[in-house]
Amino acid sequence: YPPHPVTPLYAQNEPFASSWGKGGPYQDWRVAASRLGNTVLNGCPRWLVMVQGVSSAPGAKDQPWDLPTAFPGENLYGARNAPIQLSDQTKLVYAPRTHGPRFGFQRNSRFDAGDFPANMPNVWHVTFGFAQREHGGVPIILSSLSDGVADVTSRKYLTWAASYAAELGFGAFCADLNPPRVDGDTNEAGGLLQADWTTIQEARTSVPPQPIPRPTTAHTPPHR
């Protein structure tokens, strides 16, 4: 961010097969992400280290049985008792990967709740939102705040998510610029562009703008 550009390290995309805080040098994502982040900071101390969560399974140590089913990369529950440890904690950014109702081959039950989207603040809080409030203001940037707008539920989700993320001070990336896949893959809801990679999908622009990533509270020394 001007006047001092910041380069982030995106540690791993959707480490869904990893656990958090359960131990083991080859499966514990907390251990791996901390080690990777410290290695990078040793050579590039100005960089931010962005860390996603894990999935519901194998999940996190002491994870409650009724924790909402998390998307791959969304579950930061383990950070409650086993947070990421960096040599410079001011460079840590949690970057949960959350999605809307059009993502995945099996619809997430959170979107079918009778009180949707009123249920969503609690889903976000117990899954990842607590980290900003309970860990000294560690910044949160949603690494994927996007979905199609082909149905009412998707439009309702995007409207709510953009507003709520801005209210809590979460940064966010709209991960999808690319058009929907022609093979109809349900994991690819499509982004801002139509199939010609030029024309804007007007349906996407009719949704209230998603929040622009905010400068984090991470300390950035003067550029040299």
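Glu14 sits in the loop between S1 and H1, and in this predicted model the residue has a positive phi of about 50° although it is not a glycine. With a relative accessible area of 16%, Glu14 is buried, and its side chain takes part in a salt bridge with Arg97. The points below begin with the salt bridges, of which the structure holds five, and go on to the aromatic rings, a residue in helix H2, the backbone and the surface.

**Salt bridges**

- In the salt bridge between Arg97 and Glu14, the closest N and O atoms are 2.7 Å apart. This pair links distant parts of the chain, since Arg97 belongs to the loop between strand S3 (92–94) and helix H2 (120–134), while Glu14 belongs to the loop between strand S1 (8–10) and helix H1 (29–43), with their positions 83 residues apart in the numbering.
- Arg97, at 15% relative accessibility, counts as buried, and Glu14 counts as buried at 16%, so that each partner falls under the cut-off of 20% relative accessible area.
- Arg80 and Glu134 also meet through their side chains in a salt bridge, at 3.5 Å from N to O. Because Arg80 lies in the loop between strand S2 (48–51) and S3 whereas Glu134 lies in helix H2, the pair ties together parts that are 54 residues apart in sequence.
- Arg80 counts as partly exposed at 25% relative accessibility, and Glu134 is likewise partly exposed, with a relative accessible area of 45%.
- Arg107 forms a salt bridge with Asp112, in which the closest N and O atoms are 2.9 Å apart; at 38% relative accessibility, Arg107 counts as partly exposed.

**Aromatic rings**

- The count of aromatic pairs comes to nine. Among them, Trp124 and Phe128 form a tilted pair, with 5.4 Å from centre to centre and 45° between the planes.
- Trp124 and Phe128 both belong to helix H2, where they are four residues apart, or about one turn of the helix, and both of them are buried.
- Trp124 also pairs with Trp160, and because the ring centres are 4.7 Å apart and the planes stand at 70°, this pair is edge-to-face. The contact between these two rings links distant parts of the chain, with Trp124 in helix H2 and Trp160 in helix H3 (residues 152–168), 36 residues apart.
- Trp124 is buried, with a relative accessible area of 1%, and Trp160 counts as buried at 14% relative accessibility.
- Trp124, Phe128 and Trp160 are joined by Tyr164 and Phe170 in one aromatic cluster.
- Arg80, the residue that forms a salt bridge with Glu134, lies over the face of Phe130, at 3.9 Å from the ring centre.

**A buried threonine in helix H2**

- Thr127 lies in helix H2 and is buried, with a relative accessible area of 0%.
- When residues up to four places away in sequence are not counted, Thr127 touches Pro68, Ala70, Glu74, Asn75, Leu76 and Tyr77.

**Backbone features**

- The peptide bond from Ala57 to Pro58 is cis, with omega near 5°, and Pro58 has its place in the loop between S2 and S3.
- A cis peptide bond also runs from Phe116 to Pro117, with omega near 5°, and Pro117 is found in the loop between S3 and H2.
- Trp197, a residue other than glycine, has a positive phi near 60°; Trp197 lies in the loop between S5 and H4 and, at 53% relative accessibility, counts as exposed.

**Nonpolar surface**

- Leu177, Leu192 and Ile200 form a nonpolar patch on the surface, and together they have about 230 Å² of accessible area.
- Leu192, one of the residues of this patch, has its place in the loop between strand S5 (171–172) and helix H4 (202–205), and at 30% relative accessibility Leu192 counts as partly exposed.

How values were computed. Residues numbered from 1 in each chain as written. Predicted model: local features only at pLDDT ≥ 70, side-chain atom pairs only at ≥ 80, totals over all residues. Heavy atoms only, no water. Patch = residues over 30% accessible without salt bridge, like charges linked within 9 Å, V, L, I, M, F, W, Y side chains within 5 Å. Areas by Shrake-Rupley, 256 points an atom, 1.4 Å probe, with all protein chains shown as cover. Salt bridge = Lys/Arg side-chain N within 4 Å of Asp/Glu carboxyl O. Buried < 20%, exposed > 50% of the residue type's maximum accessible area, 1.4 Å probe, protein only. Phe/Tyr/Trp six-rings, centres within 6.5 Å; stacked < 30°, edge-to-face > 60°. Lys NZ or Arg CZ within 6 Å of the ring centre and 35° of its normal. Contact = heavy atoms within 4.5 Å.
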